[in-house]
Amino acid sequence: MPHHSDSRVLPYTADQMYALVADIESYPQFLPWNSAARIRSRGPGPEAGSEIIEADLVISFKVFRERFGSRVTLWPERKQIDTEYLDGPFRYLRSGWTFSDLPDHRVQVDFFVDFEFRNAILGKVIGVVFGEAMSRIVRAFEERARALYG
């Protein structure tokens, strides 16, 4: 059951980082191992001002290529993004982002992911490189922010 959490202070605003992470369709342009992204549906969320996106991501890693579906709840007022698993190779998957403005146009970004694969072989392959994989993903978001917002 891999679990990872990270907290970073970056030289951007909460709005900028929220917009970057909420732009799911752009993930294949910059996220490692993400070869495709497709939005299934968009609609209003559970509270006024929130939005739910159901999306498919294709992850390609070594000889494995897996599609999984997730439900992403966007909370623009809270600057929060919550993701839950719909279907694919996992037993479960949960992740979340929160973005908090700090003085001097900086943002605190908090991220967590918790998941387990159905396929024990895939789970073992990922388990060996999980820490490095999470670091690369977090760095990819930071590099994307630098490319978009300088």
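A residue is called exposed when its relative accessible area is over 50%, and buried when that area is under 20%. At 66% relative accessibility, D104 therefore counts as exposed, and this residue is found in the loop between β6 (90-102) and β7 (106-117). The model described here is a predicted one.

**Two loop residues with positive phi**

Most residues other than glycine have a negative phi. D104 departs from this pattern, with a phi near 65 degrees. K79 also has a positive phi, of about 55 degrees, although it is not a glycine, and K79 lies in the loop between β4 (64-75) and β5 (80-87). Whereas D104 is exposed at 66%, K79 is buried, with a relative accessible area of 18%. The charged end of K79 sits over the ring of Y18, 6.0 Å from its centre. In a further arrangement of this kind, the charged end of R78 sits over the ring of W75, at 3.8 Å from the ring centre.

**The sheet and the helix that packs on it**

Seven strands form an open sheet in the order β1-β7-β6-β5-β4-β3-β2, and their pairing is antiparallel. The edge strands, each of which pairs on one side only, are β1 (3-10) and β2. On average, and with direction ignored, neighbouring strands of this sheet are turned by 15 degrees against each other. Helix α1 (residues 14-22) packs on the sheet, where it touches β1, β4, β5, β6 and β7, and the direction of α1 makes about 160 degrees with that of β6. Within the sheet, strand β3 (residues 51-61) is joined to β4 by eleven bridges, the two strands running antiparallel, and L57 stands opposite F68 in β4.

L57 is also among the residues touched by N34, together with Y27, P28, V58 and I59, when residues up to four places away in sequence are not counted. N34 itself has its place in strand β2 (residues 34-44) and is buried, with a relative accessible area of 6%. A polar atom of the N34 side chain lies 3.0 Å from the backbone oxygen of A36.

F68 in turn is touched by F90, whose contacts also include Y85, F115, E116, F117 and R118. F90 is placed in strand β6 and counts as buried at 6% relative accessibility. Although F90 and F117 are 27 residues apart in sequence, their C-alpha atoms are 4.0 Å apart in space.

**Aromatic pairs**

The model holds 13 aromatic pairs, and two of them are set out below.

| Pair | Distance of ring centres | Angle of planes | Class |
|---|---|---|---|
| Y12 and Y149 | 6.0 Å | 55 degrees | tilted |
| Y18 and F99 | 6.2 Å | 90 degrees | edge-to-face |

The pair of Y12 and Y149 links distant parts of the chain, 137 residues apart, with Y12 in the loop between β1 and α1 and Y149 in helix α3 (residues 120-149). Y12 counts as buried at 5% relative accessibility, while Y149 is partly exposed, with a relative accessible area of 29%.

Because Y18 lies in helix α1 and F99 in strand β6, their pair ties together parts that are 81 residues apart in sequence. Y18 and F99 are both buried. Ring pairs link these two residues with Y27, F30, W97, F111 and F141 into a cluster. Y18 thus appears in this cluster, as well as beneath the charged end of K79.

Terms used. Residues numbered from 1 in each chain as written. Predicted model: local features only at pLDDT ≥ 70, side-chain atom pairs only at ≥ 80, totals over all residues. Heavy atoms only, no water. Helix = DSSP H or I, 4+ residues; strand = E, 2+ residues; numbered from the N terminus. Buried < 20%, exposed > 50% of the residue type's maximum accessible area, 1.4 Å probe, protein only. Polar contact = N/O pair within 3.5 Å; in protein donor to acceptor, adjacent residues only side chain to side chain. Contact = heavy atoms within 4.5 Å. Pairing = 2+ DSSP bridges. Axes fitted to C-alpha atoms, helices over the stretch in contact; angles between N-to-C directions. Phe/Tyr/Trp six-rings, centres within 6.5 Å; stacked < 30°, edge-to-face > 60°. Lys NZ or Arg CZ within 6 Å of the ring centre and 35° of its normal.
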